[in-house]
Amino acid sequence: MAVVATAAQEIRVGERVVRVSSPDKPYFPQRGLTKLDVVRYFLAVGDGILRALRDRPTMLERWPRGVFEGARIATRQSNRGDAFYQKRLPAGAPDWVRTAHLTFPSGRTADEVAPGELAVVIWAVNLGTLRFHPWPVTAADTERPDQLRIDLDPLPGVDFAQVVPVALELRAVLAELGLVGYPKTTGGRGLHVYVSIEPRWGFGDCRRAVLALGRELARRLPHLVTTTWWREQRDRPVFVDYNQMSRDHTMASAYSIRPTPAALVSAPLDWTELEAARPEDFDVLTLPARFAGRGDPHAGLDGPRFSLEPLLELADRAGLAAPPER
């Protein structure tokens with residue numbers, strides 16, 4: 001029997017009308033979620049996803065066929081896959097999709113999508129985007145980060161519950177230095193913590209600051225934390241990945257959907273929720289109601305921006321040079 005394509009739908013998003021093609025296409029078949037369900041999810045958390053992406057150069061992780069058993073993403077090693085990363089503005093983009101001009105470590109340049117309104121997010125979702133990977137800079141200044149991002153990365157076999165005490169100790173270290181962090185789940189077993197900073201320092205200083213944080217956490221929690229880069233040499237369960245602050249290294253944004261059958265999402269949290277939270281609590285179906293009821297826990301990232309100087313002083317006291325690019 002021939003499959004009849006579902007008619008496209010037009011959805012008003014602010015001042016724009018965004019066309020959603022094949023709205024009934026299965027995107028997460030094990031959860032019964034269609035492309036239109038994914039669009040509705042991003043609309044429901046619209047203020048949050050736009051806060052995470054606004055004016056930031058953003059790589060799109062596109063899964064145009066949805067997430068199905070055996071699906072895999074194309075990589076540098078193999079360009080064959082069911083999904084792919086898109087750094088440059090896709091062909092045929094509407095003229096209201098703004099971009100940021102970037103220079104990569106290789107010297108190549110690109111104009112990358114820099115969402116300025118929710119309609120751009122929904123346009124990208126129609127292209128199959130499930131995860132958004134924004135840089136920690138804005139289009140106004142792509143050389144100086146305005147966010148410090150700390151990636152608490154568990155080793156294979158390490159549970160989320162073992163990462164939580166590291167995050168809580170990280171909060172204490174930040175507080176001692178006069179800084180405020182905002183945690184989120186990754187959709188997996190890890191945690192990310194963001195700090196708003198003044199855009200006065202380059203990527204090298206930001207990486208050195210995160211390395212100093214990691215070394216301080218390893219000093220306080222020697223049984224839990226490592227900053228050892230080589231995976232085979234790590235002998236503690238949680239790695240503080242300071243290289244996520246390298247130029248052209250990005251992390252999936254808050255509210256992005258992890259491309260696994262469960263459709264879990266990267267969920268911003270209050271610190272008071274952290275000990276009771278579990279990654280599986282937050283998915284495409286549960287997060288809209290949570291967002292409607294309590295808003296965005298990361299709204300504070302729009303507030304005061306902090307100096308990086310306390311962390312650089314910590315790095316100086318520890319004798320840390322900027323780590324080499326990876």
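Helix H4 (residues 160–176) lies across five strands, E10 (147–154), E11, E12 (191–196), E13 and E14, and runs at about 15 degrees to E12. Axes here are lines fitted to C-alpha atoms, for helices over the stretch in contact, and angles run from 0 to 180 degrees between N-to-C directions. Helices (H or I, at least four residues) and strands (E, at least two) are DSSP runs, numbered from the N terminus.

This is a predicted model, where local features need pLDDT of at least 70, side-chain atom pairs count only at pLDDT 80 or more, and totals for chains, interfaces and linings use all residues. Residues are numbered from 1 along each chain as its sequence is written, and side-chain values use heavy atoms, with hydrogens and water left out.

**The sheet beside H4**

The five strands form an open sheet with mixed pairing, in the order E11-E12-E10-E14-E13. Strand E11 (182–185) and strand E13 (225–226) stand at the edges with a single partner strand each, so one side of each has no neighbour in the sheet. Two strands pair if DSSP finds at least two bridges between them. E13 pairs with strand E14 (residues 238–240) in the parallel sense, over two bridges. Look at Thr 226 for an example: its bridge partner in E14 is Phe 239.

**Two covered helices**

How many residues of helix H3 (residues 118–126) are buried? The count is nine of nine, and the helix is mostly covered. Buried means under 20% relative accessible area, exposed over 50%, and partly exposed in between (1.4 Å probe, protein chains only). Trp 123 and Asn 126 are among the buried residues of H3. Just after H3, Gly 128 takes a positive phi of about 100 degrees.

Helix H2 (residues 46–53) is also mostly covered, with six of its eight residues buried. Those residues are Gly 46, Gly 48, Ile 49, Leu 50, Ala 52 and Leu 53. Their cover includes helix H1 (35–44), strand E5 (58–62), H3, strand E9 (129–134) and helix H6 (287–294). Just after H2, Asp 55 takes a positive phi of about 65 degrees.

**Aromatic rings**

Rings of Phe, Tyr and Trp (its six-membered ring) pair if their centres lie within 6.5 Å; planes under 30 degrees apart count as stacked, over 60 as edge-to-face and the rest as tilted. By this rule the structure has six aromatic pairs. In one of them, Tyr 41 and Phe 42 have ring centres 4.9 Å apart and planes at 70 degrees, so the pair is edge-to-face. Tyr 41 is buried at 1% relative accessible area, and Phe 42 is buried at 0%. Ring pairs also link Tyr 41, Phe 42 and Phe 132 into a cluster.

Phe 104 and Trp 135 form a tilted pair, 6.2 Å centre to centre with 50 degrees between the planes. Phe 104 lies in the loop between strand E7 (99–103) and strand E8 (109–113), and Trp 135 in the loop between E9 and E10, so the pair ties together parts 31 residues apart in sequence. Both residues, Phe 104 and Trp 135, are buried. Lys 87 lies over the face of Phe 104, at 4.8 Å from the ring centre; a charge sits over a ring if NZ of Lys or CZ of Arg is within 6 Å of the ring centre and within 35 degrees of the ring normal.

Trp 135 also appears around Thr 250, a residue in contact (heavy atoms within 4.5 Å) with Met 59, His 133, Pro 134, Trp 135 and Gln 244, leaving aside its neighbours within four places in sequence. Thr 250 is found in the loop between E14 and H6 and counts as buried, at 17% relative accessibility.

**Salt bridges**

The structure holds 21 salt bridges, each a side-chain nitrogen of Lys or Arg within 4 Å of a carboxyl oxygen of Asp or Glu. Here are some of them:

| Salt bridge | Closest N to O |
|---|---|
| Arg 305 and Asp 146 | 3.4 Å |
| Glu 176 and Arg 220 | 2.6 Å |
| Arg 219 and Glu 216 | 2.7 Å |

Arg 305 lies in the loop between H6 and helix H7 (309–317), and Asp 146 in the loop between E9 and E10, so the pair ties together parts 159 residues apart in sequence. Arg 305 is partly exposed at 34% relative accessibility, while Asp 146 is buried at 6%.

Arg 219 and Glu 216 both lie in helix H5, three residues apart, about one turn of the helix. Arg 219 is exposed at 58% relative accessibility, whereas Glu 216 is buried at 11%. Salt bridges that share partners join Glu 169, Glu 176, Glu 216, Arg 219 and Arg 220 into one network.
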